[in-house]
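Visitor: Please choose a single part of this model and take me through it closely, with its surroundings. I would rather have one connected account than a list.

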Amino acid sequence: MNLEKSAIEKQIKNSVLLMPPLAETLERAQFICKSHTLNGQLLYKLISIDPILFCQTQILFNYFYPKLTGTFNSISKIIILLNINTVKNHILQFIVKTKAEQQKQLFLHSIAVGIASRFIAKERNIDRKKFELYYAAGLLHDIGKYFSCELDHCITGEIAAKTIGLHKSLRNVVAYHHNIQEYNEHDSDLLFNVVLADYFVHKYIHTAGTEKYCVEIDDSIWKTLNLKKDFFASVDKDIRAEIKKIEKFIRAGIY
Ligand SMILES: [Fe+2]
Ligand SMILES: [Fe+2]
């Protein structure tokens, strides 16, 4: 690795550890974490829709359970093992008003791909126990875009995912979702599932500024996933409804 690249890598690692919460969920996070009667379900919902809080929670968990670093740890498991107040206090530390630029499009894209990925997994009869993993892979696939840097977001994301200590299958999704031809490990199920979810969201859900990545899906992906091409028509409405629910959740209690 040349010097310039290692300096960039260091910069990404530092920003991963200090990343501020998203402007989109900031007020909702304040509302939930400062409430006198903290509700575990609300805390779970908050973390599971915000890619940054999701990663911060994973970092905290890895700190207390270093042996589990690199395994997939669902948010529900983390809240139970660490206890609700530890997680809440950790989030509160990051709730400082920042002049973070509006990342609304990216935020909604992350959630939409998470939801679409879970819908696809359901349609494909993937074991229910893995739904959280399939959702998380969609939510985090563009994590590299949250760190402004001159490198491609797949490279930035891979460095960030390693720093966070994400499960290897999630790291692969982050690193290869735009270059599956370079992926040479045998289990491509999760990766292909997210690639399809990303395609669907770019093409049908919201397209502003996302055209660059909206390339047609290779037939081999449809075949591997064993899905018909008209599949999305049947779930389009449901996915939009889920996104609307999350938008409502973010605004609830603020205005
Ligand atoms: Fe991407
Ligand atoms: Fe994407």
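Guide: Two residues are taken to be in contact if their C-beta atoms, placed from the backbone, lie within 7 Å. With that in hand, and bearing in mind that this is a predicted model, the part I would choose is helix 13, which covers residues 231-251. As for the setting, the protein has 13 helices and zero strands, and of its 255 residues 37% count as buried. Among contacts between residues at least 6 apart in sequence, 68% join residues that are at least 24 apart.

The length of helix 13 can be checked by a short piece of reasoning. The expected span is 1.5 Å times one less than the number of residues, so the 21 residues of helix 13 should span 30 Å, and the 31 Å between its end C-alpha atoms agrees with that. Along its course helix 13 also has a kink of about 30°, centred on Lys 237.

Turning to the environment of its side chains, Phe 232, Ile 239 and Ile 250 are buried in helix 13, and the elements that cover them include helix 2, helix 7 and helix 11, the last spanning residues 189-205. Glu 242 also lies in helix 13, but because Glu 242 has 18 C-beta neighbours inside 10 Å, it counts as partly exposed; a residue needs 20 or more to be buried. The C-alpha atom of Glu 242 is separated by 7.5 Å from that of Ile 115, although the two residues are 127 apart along the chain.

The covering can also be followed from the side of helix 2, which runs over residues 23-33 and in which Glu 24, Thr 25, Leu 26, Arg 28, Ala 29, Ile 32 and Cys 33 are buried. What covers these residues includes helix 13 itself, together with helix 3 (40-49), helix 4 (51-64), helix 6 (84-94) and helix 7 (104-123). Helix 2 thus appears among the elements covering the buried residues of helix 13, and helix 13 among those covering the buried residues of helix 2.

For a view of another pair of helices, consider helix 8 (residues 131-140) and helix 10 (residues 168-176), whose axes come within 9 Å and cross at roughly 35°, in a right-handed crossing. Ala 136, Ala 137 and Leu 140 of helix 8 make this contact with Leu 170, Val 173 and Val 174 of helix 10, and by class it has six nonpolar residues, with no polar and no charged ones.

Technical notes: Residues numbered from 1 in each chain as written. Chains lettered and ligands numbered in written order. Predicted model: local features only at pLDDT ≥ 70, side-chain atom pairs only at ≥ 80, totals over all residues. Axes fitted to C-alpha atoms, helices over the stretch in contact; angles between N-to-C directions. Helix = DSSP H or I, 4+ residues; strand = E, 2+ residues; numbered from the N terminus. Left-handed = near helix turned anticlockwise from the far one by under 90°. Nonpolar A, V, L, I, M, F, W, Y, C, P; charged D, E, K, R; others polar. Buried ≥ 20, exposed ≤ 12 C-beta atoms within 10 Å, placed from the backbone. Bend = angle between axes of the 7 residues up to and from the residue.
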